[in-house]
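Student: I'm new to this structure and I'd like a close look at one part of it. Could you walk me through the charged side chains that pair up between the strands, and show me how they hang together?

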Amino acid sequence: MNASGIEPLDLKVLVRPDSAEKITKGGIIVPDSTADRQKFAVVKADLIAVGSNAFKEWGLGNAPKSGSRILMAQYAGARVKGQDGEDYVLMNDEDCIALLVEEASE
């Protein structure tokens with residue numbers, strides 16, 4: 001069980017989108033909906049939990065796992081609040097549009 005207390009079923013996945021909230025020099029908080037990410041159609045996120053049938057079409061060894069970084073469509077899925085107070089998105093596996101490959105630091 002993850003800290004959110006939410007376990008996705010079947011083809012669903014649970015992700016935690018990166019926050020785009022910004023604070024201006026004057027201390028004004030710019031909410032996610034008006035921040036720069038609004039210009040883009042995708043959002044970076046951490047894959048928290050994966051349903052039992054999610055990513056089957058990817059094949060063994062290629063499927064994203066919990067802890068993977070992904071790109072998702074900005075308005076995909078349903079926004080939910082976890083038991084830990086964090087904001088999550090519960091969505092279909094097909095709404096994960098890319099895996100982010102972390103570059104090794106030099």
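Tutor: Let's start with Asp46 and Arg16, which form a salt bridge, with 3.8 Å between their closest N and O atoms. Keep in mind that this is a predicted model. Asp46 sits in strand 4 and Arg16 in strand 1, so this pair ties together parts that lie 30 residues apart in sequence. The cut-off for a salt bridge here is within 4 Å, and the 3.8 Å of this pair therefore counts.

Now look at the strands themselves. Strand 1 covers residues 12-17 and strand 4 covers residues 42-50, and the two pair in the antiparallel sense over five bridges. If you want a spot to find on screen, take Val13: its bridge partner in strand 4 is Val50.

Back to the charges. Asp46 also forms a salt bridge with Arg69, and here the closest N and O atoms are 2.9 Å apart. This pair links distant parts of the chain as well, with Asp46 in strand 4 and Arg69 in strand 5, 23 residues apart. Those two strands are also paired: strand 4 and strand 5 (residues 69-73) run in the antiparallel sense over five bridges. Along that pairing, Val43 stands opposite Met72 of strand 5.

Next, follow Arg69 to another partner. Arg69 forms a salt bridge with Asp18, the closest N and O atoms being 2.7 Å apart. That link spans 51 residues, from Arg69 in strand 5 to Asp18 in the loop between strand 1 and strand 2 (22-23).

How open are these side chains to the outside? Arg69 has a relative accessible area of 18%, and it counts as buried because the cut-off is under 20%. Arg16, at 27% relative accessibility, is partly exposed. Asp18 is partly exposed too, with a value of 28%.

Put the pieces together and you get one network: salt bridges with shared partners join Arg16, Asp18, Asp46 and Arg69. You can trace it by eye, going from Arg16 to Asp46, on to Arg69, and then to Asp18. For the wider picture, a search of the whole structure turns up four salt bridges.

How values were computed. Residues numbered from 1 in each chain as written. Predicted model: local features only at pLDDT ≥ 70, side-chain atom pairs only at ≥ 80, totals over all residues. Heavy atoms only, no water. Pairing = 2+ DSSP bridges. Helix = DSSP H or I, 4+ residues; strand = E, 2+ residues; numbered from the N terminus. Salt bridge = Lys/Arg side-chain N within 4 Å of Asp/Glu carboxyl O. Buried < 20%, exposed > 50% of the residue type's maximum accessible area, 1.4 Å probe, protein only.
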